[in-house]
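This report goes through a protein model from its overall make-up down to individual residues. Please keep the sequence and the structure at hand while reading.

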Amino acid sequence: MSVDQAADTVTVVKLGTHIGARIDGVRLGGELAPETVAAIRAALNEHKVIFFRDQHHLTEDGQYEFAELLGTPTTPHPTVTSAGVKSLAIDSERGRANSWHTDVTFVDRVPRASILRAVTLPSYGGSTTWASTVAAYDSLPEPLKRLAESLRARHTNQYDYAAAQDDSPDEKAQAYRAEFRSTYYETEHPLVRVHPETGERALLLGHFVKQIVGLPSNESRALFQLFQDRVTRLEHTTRWHWALGDVAIWDNRATQHYAIDDYDGTEHRKLTRITLAGDIPVGIDGTPSTVIAGNAEHYSVVDPVVRAA
């Protein structure tokens with residue numbers, strides 16, 4: 001499609017009540033019309049994760065140019081610098097992210113969104129599931145909402161998904177773990193953040209959480225699990241079965257995701273991820289996240305998004 005592609009060619013196919021939509025009628029790249037970009041943004045705000053089929057033409061450069069239409073790309077990762085220059089290679093040979101998480105919450109400037117493109121897929125398995133952290137918050141009884149709104153949690157990159165892997169990783173996985181943890185980051189976030197564009201409230205949790213502030217470890221873990229279980233209720237999720245040419249975009253401020261490790265070690269799975277700069281989360285009382293350790297300025301600017309009224 002040409003640069004003057006109109007927004008009325010964009011078809012949104014809803015996949016679930018709370019999360020997920022497929023977008024048809026769009027050929028992704030750096031030359032989309034502003035109206036089409038606006039329609040994609042609106043679909044992302046509403047559905048939290050959106051999917052595009054048959055984008056076989058898309059290269060890493062095209063993926064990056066498209067990302068620039070949606071926001072400001074970050075460097076690929078705060079610590080992992082060996083897995084790409086423009087994009088981060090999500091490669092099963094370096095490990096498998098098979099636990100629930102929101103990306104890079106161990107820094108203060110939590111990414112806004114990510115764009116993931118399938119490059120190599122196993123012959124079976126390897127799908128990804130996303131969960132709406134907005135739906136999770138909305139489903140809480142009022143007493144639990146008030147409790148969650150009063151809490152803050154510390155997130156660190158020592159709580160990587162590597163912890164969910166076996167105790168004897170191969171050399172590539174060991175090297176990846178070491179690189180991931182090469183610089184220590186820790187940030188204190190509100191447990192409930194206000195979405196800067198929609199004004200919705202979302203639970204900010206996932207596997208990077210070290211501890212809920214002010215609680216002993218056993219009580220912290222119990223409360224973490226209480227709220228985390230609410231995120232991953234099946235009715236709050238959508239599952240995508242990848243095919244070559246697929247692209248997924250998710251709102252990292254309103255979701256968690258889980259790459260399902262249901263393919264054998266002889267199978268290879270590789271996707272490329274480009275991440276967009278985000279803002280510093282703010283709780284419902286207006287208090288922002290605070291840095292405990294680490295400086296993420298080299299990773300990402302702070303997105304100057306206008307907050308919802």
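## Overall make-up

Of the contacts in the protein with a separation of 6 or more, 84% are made between residues 24 or more positions apart. The model is a predicted one, and its elements are six helices and 16 strands.

Among the 309 residues of the protein, 55% count as buried, while the area that the protein exposes comes to about 12900 Å², of which carbon and sulfur atoms supply 50%.

## Helix H2 and its packing

Helix H2 covers residues 60-70, and its buried residues are Gly 62, Gln 63, Tyr 64, Phe 66, Ala 67 and Leu 70. These buried residues of H2 pack against H1, against E13, and against the strands E5 (113-120) and E15 (270-276).

## The second largest cavity

The structure holds two cavities of 30 Å³ or more, and the second largest of them has a volume of about 80 Å³. Its lining consists of Arg 41, Leu 44, Asn 45, Leu 70, Arg 112, Ala 113, Glu 197, Arg 253 and Leu 276, which by class gives four nonpolar, one polar and four charged residues.

Helix H1, spanning residues 34-47, gives the most to this lining, with three residues. Leu 70, which also belongs to the lining, is one of the buried residues of H2.

## Arg 253

Arg 253 lies in the loop that runs between strand E13 (247-251) and strand E14 (255-259). Because its relative accessible area is 4%, under the 20% cut-off, Arg 253 counts as buried.

The side chain of Arg 253 is joined to that of Glu 197 by a polar contact of 2.7 Å, and both residues are part of the lining of the second largest cavity. Leaving aside residues up to four places away in sequence, Arg 253 touches Asn 45, Pro 111, Arg 112, Thr 133, Arg 193, His 195, Pro 196, Glu 197, Ala 202 and Asp 279.

## Two residues with positive phi

Most residues other than glycine have a negative phi. Lys 48, although not a glycine, has a positive phi of about 75°, and Asp 54, likewise not a glycine, has a positive phi of about 60°.

Lys 48 is found in the loop between H1 and strand E3 (49-52), whereas Asp 54 has its place in the loop between E3 and H2. Lys 48 counts as buried because its relative accessibility is 3%, and Asp 54 counts as exposed because its relative accessibility is 57%, over the 50% cut-off.

Conventions
Residues are numbered from 1 along each chain as its sequence is written. This is a predicted model: local features need pLDDT of at least 70, side-chain atom pairs count only at pLDDT 80 or more; totals for chains, interfaces and linings use all residues. Side-chain values use heavy atoms; hydrogens and water are left out. Helices (H or I, at least four residues) and strands (E, at least two) are DSSP runs, numbered from the N terminus. Buried means under 20% relative accessible area, exposed over 50%, partly exposed in between (1.4 Å probe, protein chains only). A polar contact is a pair of N or O atoms within 3.5 Å; within protein, one must be able to donate a hydrogen and the other to accept it, and residues adjacent in sequence count only if both atoms are side-chain atoms. Contact means heavy atoms within 4.5 Å. On a 1 Å grid over the protein atoms alone, a cavity is a set of points where a 1.4 Å probe fits but cannot get out, and a pocket is an open set with protein on both sides within 12 Å along at least five of seven lines; lining residues have an atom within 4 Å of a point. Grid points are joined across faces, edges and corners, and a volume is the space filled by probe spheres set on the points. Ala, Val, Leu, Ile, Met, Phe, Trp, Tyr, Cys and Pro count as nonpolar, Asp, Glu, Lys and Arg as charged, and the others, Gly among them, as polar. Accessible areas come from the Shrake-Rupley method with a 1.4 Å probe; for residues, only the protein chains shown count as cover.
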